[in-house]
Amino acid sequence: MNLKQRFGQESSLLRLHYKENNLPSLMCQHIMNWFPYQPREYVAVFIGTDRSTGDALGPLAGMYFQSYKPRHIRVYGTIHEPVHAVNLQESLDRINKLHNNPFIIAIDACLGRSTSIGHIITEKKSLQPGTALNKTLPAVGDICITGVVNVSGFMEHSILQNTRLSVVMDMAKQVSAILEDIDDQLTYARVPTVIQARKDNTNPEII
């Protein structure tokens, strides 16, 4: 099925359950409609902490994606070197210093309705991290991918701490698979010369 017919090229949101068949391919093709026509430096910022099961979605996805050794998307935020509330602004400052006009994909966990648990949502907008915990943090990204890991509404800290790790890990693997497909598309379809010219001189950095 032609995704442009199913979802519409200008659609700014796509929501699928992480067990959906062909989820990485479906989301990749949808997200690629939002990428800039001219090649830019591509950056994925995985937000979260390894100190909370539910909030580990981002760092786990970052670790899985980094192990894939992406050629065109730089990785910031893994289990070993997370990007979280305390160092988020510092991380963004570093990204903007190291990369010229980067196109940023922001990834984070979120809370939602019980019927939404397990859904992965991608949107053509910046991510506002910390909303569920009433934290005021800088907006991140040109587009975002979020995973609904548990229910919202009360005792959010406790809810995140008591989220099933198995579900978070499976969702993180799916998020990584989406980005792997995107990286392949950039490699084989777009062949961004700006990035390729630098790949032999710079190694991916993780902060």
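## Aromatic rings

In this predicted model, Phe35, Tyr42 and Phe103 are joined into a cluster by pairs of rings. Across the whole structure, a search finds 5 aromatic pairs. One of these is formed by Phe46 and Phe65, whose ring centres lie 6.2 Å apart with an angle of 45 degrees between the planes, so that the pair counts as tilted. This pair brings together distant parts of the chain, since Phe46 belongs to strand E2 (residues 42-46) and Phe65 to helix H3 (residues 57-67), with the two residues 19 residues apart.

Phe65 also pairs with Tyr68, and here the arrangement is stacked, with 6.2 Å from centre to centre and 15 degrees between the planes.

## Burial of the paired residues

The residues of these two pairs can also be described by their accessibility. Phe46 has a relative accessibility of 0% and therefore counts as buried, and Phe65, at 0% relative accessibility, is likewise buried. Tyr68, with a relative accessibility of 28%, counts as partly exposed, because buried is reserved for values under 20% and exposed for values over 50%.

## The surroundings of Ser116

Ser116 is placed in the loop that runs between strand E4 (103-112) and strand E5 (119-123). Ser116 is nevertheless a buried residue, with a relative accessible area of 13%.

When neighbours within four places in sequence are left aside, Ser116 is in contact with Arg15 and Val148. With Arg15 there is also a polar contact, made between the side chain of Ser116 and the side chain of Arg15 at 3.5 Å.

Definitions and conventions:
Residues numbered from 1 in each chain as written. Predicted model: local features only at pLDDT ≥ 70, side-chain atom pairs only at ≥ 80, totals over all residues. Heavy atoms only, no water. Helix = DSSP H or I, 4+ residues; strand = E, 2+ residues; numbered from the N terminus. Buried < 20%, exposed > 50% of the residue type's maximum accessible area, 1.4 Å probe, protein only. Polar contact = N/O pair within 3.5 Å; in protein donor to acceptor, adjacent residues only side chain to side chain. Contact = heavy atoms within 4.5 Å. Phe/Tyr/Trp six-rings, centres within 6.5 Å; stacked < 30°, edge-to-face > 60°.
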